[in-house]
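Please look over the model shown here and work through how a few of its features can be read.

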Amino acid sequence: MDTPALELTPRTRTDDLLAWCAEQGREVAERPLRAVLTLLELSGARMHDGFPEPTAEDADRLLYELLPMTADAEAEGCGAYLDALAAVVDHQRAAKRLNAKRQARLQAEVAALAEGFPLVMRMPGRLTWPRLYAMLLRADGVDLADPAAVRARLDAYRELGPEGRAAAWAALPQLVVPEEEHGRPEAWDGTRVLMLGMTTDNARLLLGNRLLERVYRSLSAMIATGGGLPPELGRDVEGYGRLVAEEAVRLLGEWTVPGLPALLRDEYPDLAPEPDQAGLDALSGGGAA
């Protein structure tokens with residue numbers, strides 16, 4: 001018998017949950033639902049039959065930590081992620097994993113968390129570079145499904161120079177900043193750019209670590225059942241680590257703009273500097289990047 005291969009990313013039961021929602025006459029957007037299901041599983045939510053069973057703590061982590069670091073909410077709106085989370089909870093009730101009292105309590109806890117979620121998604125301090133550029137690309141009417149159009153617009157942002165890009169960021173109406181900062185490019189100074197780079201790096205590392213934790217759990221199960229190590233680990237452990245890192249980048253693109261996080265990291269680092277890049281040295285004087 002062949003040794004089974006490791007699966008980096010959870011195989012969420014998105015299609016099954018969408019079908020259940022359709023039977024209930026409720027509309028839930030696929031992309032936010034897929035992100036919610038994946039992030040809940042990666043964050044350690046209890047799983048049963050392929051579906052997460054989120055607690056209030058899981059919902060808090062999802063809405064206030066994971067989604068603000070990883071997902072673009074401009075396409076479907078913040079409400080789409082809240083609808084997805086509500087569908088997960090209600091499906092657990094239908095599957096008899098929650099009684100009515102626990103369902104009502106969890107719904108109330110999620111509703112309380114939901115009040116602040118749109119605000120958190122609009123705070124510059126929670127942004128990553130992929131989320132920020134997704135906002136810019138969409139505001140400029142770029143076809144986000146067209147890689148050539150995305151590249152062309154990134155080239156145009158490069159031509160703007162640091163001051164022009166700071167002005168474009170400051171003009172985004174969906175971001176929440178102090179009143180005195182609205183429309184002021186100088187508010188996007190070196191400190192804010194540094195924070196964007198750090199948050200982006202942290203988001204990639206966090207997602208990669210969660211993917212690795214999932215792999216370790218799978219490995220433990222394989223070894224416990226006598227399955228042995230999967231072939232990809234036997235060939236190139238270091239290379240497998242790179243696969244994990246690239247899968248984290250791919251997921252960040254799936255939840256913002258496909259391919260954008262890799263482009264910003266590999267081909268346009270001057271547009272999206274991170275702490276380990278030499279371009280940040282120039283920020284020590286406080287200028288915009």
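What follows is a short dialogue between a learner and a teacher.

Q: What kind of model is this, and how are its residues numbered?
A: This is a predicted model, in which local features need pLDDT of at least 70 and side-chain atom pairs count only at pLDDT 80 or more, while totals for chains, interfaces and linings use all residues. Residues are numbered from 1 along each chain as its sequence is written, and side-chain values use heavy atoms, with hydrogens and water left out.

Q: How many helices and strands does the protein chain have?
A: Helices (H or I, at least four residues) and strands (E, at least two) are DSSP runs, numbered from the N terminus. The protein chain has 11 helices and 2 strands, and from the N terminus its elements run α-α-β-β-α-α-α-α-α-α-α-α-α.

Q: What share of the residues is buried?
A: A residue is called buried under 20% relative accessible area, exposed over 50%, and partly exposed in between (1.4 Å probe, protein chains only). Of the 289 residues in the protein chain, 47% are buried.

Q: What span should helix α3 have, and where is its kink centred?
A: The expected span of a helix is 1.5 Å times one less than its number of residues, so the 15 residues of α3 (residues 56-70) should span 21 Å, and the 20 Å between its end C-alpha atoms agrees with that. The bend at a residue is the angle between axes fitted to the seven residues ending there and the seven starting there, and α3 has a kink of about 40 degrees centred on L62. L62 is also one of the buried residues of α3.

Q: How are α3 and α5 placed relative to each other?
A: Two packed helices are described by the angle between their axes and the distance between the axes. Axes are lines fitted to C-alpha atoms, for helices over the stretch in contact, and angles run from 0 to 180 degrees between N-to-C directions. The axes of α3 and α5 (residues 100-121) come within 9 Å and cross at roughly 10 degrees; the two helices are therefore roughly parallel (an angle under 35 degrees). Contact means heavy atoms within 4.5 Å, and the α3 residues that meet α5 include L63 and L67.

Q: What is notable about phi in D49 and K96?
A: Most residues other than glycine have a negative phi. D49, in the loop between β1 (46-48) and β2 (51-53), has a positive phi near 60 degrees, and K96, in the loop between α4 (78-94) and α5, has a positive phi near 65 degrees.

Methods
Angles under 35 degrees count as roughly parallel, over 145 as roughly antiparallel, 65 to 115 as roughly perpendicular and the rest as oblique.
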